[in-house]
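Work through these exercises with the sequence and the model side by side. Each task is followed by a stepwise solution.

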Amino acid sequence: MCGIFGVYSFNQKPLTIEKGIFLELAKANYPRGPRGFGSLALSTTQGTQPYYCSTMNTYPFSKWIDSLGEYIDKYKAYAYLGHCRAPTGGTHEFLHPHVLPDTGGANWSGRYSFFAHNGLMLDFQALSKLSGLMVNDIDTVHIHQYLLHGIHPISIEDKLSYLAKIPGSFFFWWFTTINYKLRIGRCQGTVYYNISDYFVFSSVKTDLTPHLMNDGDLYTIGIDGALEVTHFEAYNPLL
């Protein structure tokens with residue numbers, strides 16, 4: 001069991017007082033993933049390069065929260081995306097968000113893709129032939145690699161529909177610097193959200209995130225702050 005959470009300012013102004021939103025979401029999700037924490041800060045104050053931070057939880061919870069607060073003050077970002085981990089596979093040191101070069105084609109230009117996944121896929125090794133990745137024991141790696149570099153010339157929604165047919169469940173956030181889009185999706189997991197001046201989401205239902213995302217929904221926020229909601233087939237083998 002893990003947790004994903006985040007807050008995105010649609011006007012892309014740095015979050016100041018509202019940093020409390022992210023801290024509250026981190027506290028709510030922390031029990032779901034006490035083994036480690038990863039986060040991504042999206043900032044325009046120092047250009048468009050996102051800032052990535054990953055820390056192991058090897059100290060008391062209170063110190064972890066303090067360090068997160070210092071991190072938020074440092075980057076003055078317009079979005080903070082977080083993940084806390086209770087691994088179902090892989091080594092203890094493997095932390096989310098998972099990072100891959102985002103080639104955008106044949107040539108790598110220093111762009112990256114960041115992905116955090118919550119859930120459990122039982123036959124994810126089947127993706128290795130479609131993603132060009134060697135088989136390993138971490139489902140997140142296979143999912144990320146397939147979404148980013150899968151050989152099927154199909155839409156993201158089609159790829160998610162294919163993933164949904166693999167036994168298990170997943171929900172995720174995904175940010176790539178090739179187009180600076182943030183995507184949040186759900187398939188048979190739980191993601192709660194709220195939309196106001198911010199898009200706020202969390203694996204745990206809170207006062208800040210009272211609405212359950214529909215199964216098969218994909219929320220995409222572009223670099224201009226525009227929100228688009230599309231849908232993929234959330235396959236249910238019991239139906």
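**Exercise 1: Cysteines**

The whole structure, when searched, holds zero disulfides (a disulfide is a pair of cysteine sulfur atoms within 2.5 Å). The model is predicted: local features need pLDDT of at least 70, side-chain atom pairs count only at pLDDT 80 or more, and totals for chains, interfaces and linings use all residues. Residues are numbered from 1 along each chain as its sequence is written, and side-chain values use heavy atoms, with hydrogens and water left out.

Task: explain why Cys84 is in no bond with Cys2.

Solution.
- Step 1. Find the closest cysteine sulfur to that of Cys84: it belongs to Cys2, 7.2 Å away.
- Step 2. Judge the gap: it is too far for a bond.
- Step 3. Check burial (buried means under 20% relative accessible area, exposed over 50%, partly exposed in between; 1.4 Å probe, protein chains only). Cys84 is buried at 0%. Cys2 is buried at 8%.

**Exercise 2: A buried acid**

Task: state which side chains lie around Asp217 and what its polar partner is.

Solution.
- Step 1. Place Asp217: it lies in strand β12 (strands are DSSP E runs of at least two residues, numbered from the N terminus).
- Step 2. Look for a salt bridge (a side-chain nitrogen of Lys or Arg within 4 Å of a carboxyl oxygen of Asp or Glu). Asp217 is buried but has none. The nearest side chain of opposite charge, Arg186, is 7.4 Å away. Here Lys and Arg count as positive, Asp and Glu as negative; His and the chain ends are not counted.
- Step 3. Find the polar partner: the Asp217 side chain makes a polar contact with the side chain of His231 at 3.1 Å. Such a contact is a pair of N or O atoms within 3.5 Å; within protein, one must be able to donate a hydrogen and the other to accept it, and residues adjacent in sequence count only if both atoms are side-chain atoms.
- Step 4. List neighbours more than four places away in sequence (contact means heavy atoms within 4.5 Å). Among them are Ile184, Gly185, Val229 and Phe232.

**Exercise 3: A glycine in a strand**

Task: decide whether Gly82 is buried or exposed, and find its contacts.

Solution.
- Step 1. Locate Gly82 in strand β4.
- Step 2. Its relative accessibility is 0%, so Gly82 counts as buried.
- Step 3. Beyond four places in sequence, Gly82 is in contact with residues including Phe5, Phe22, Phe37 and Trp173.
- Step 4. Its C-alpha atom is 9.3 Å from that of Ser202, 120 residues apart along the chain.

Notes:
Helices (H or I, at least four residues) and strands (E, at least two) are DSSP runs, numbered from the N terminus. Contact means heavy atoms within 4.5 Å.
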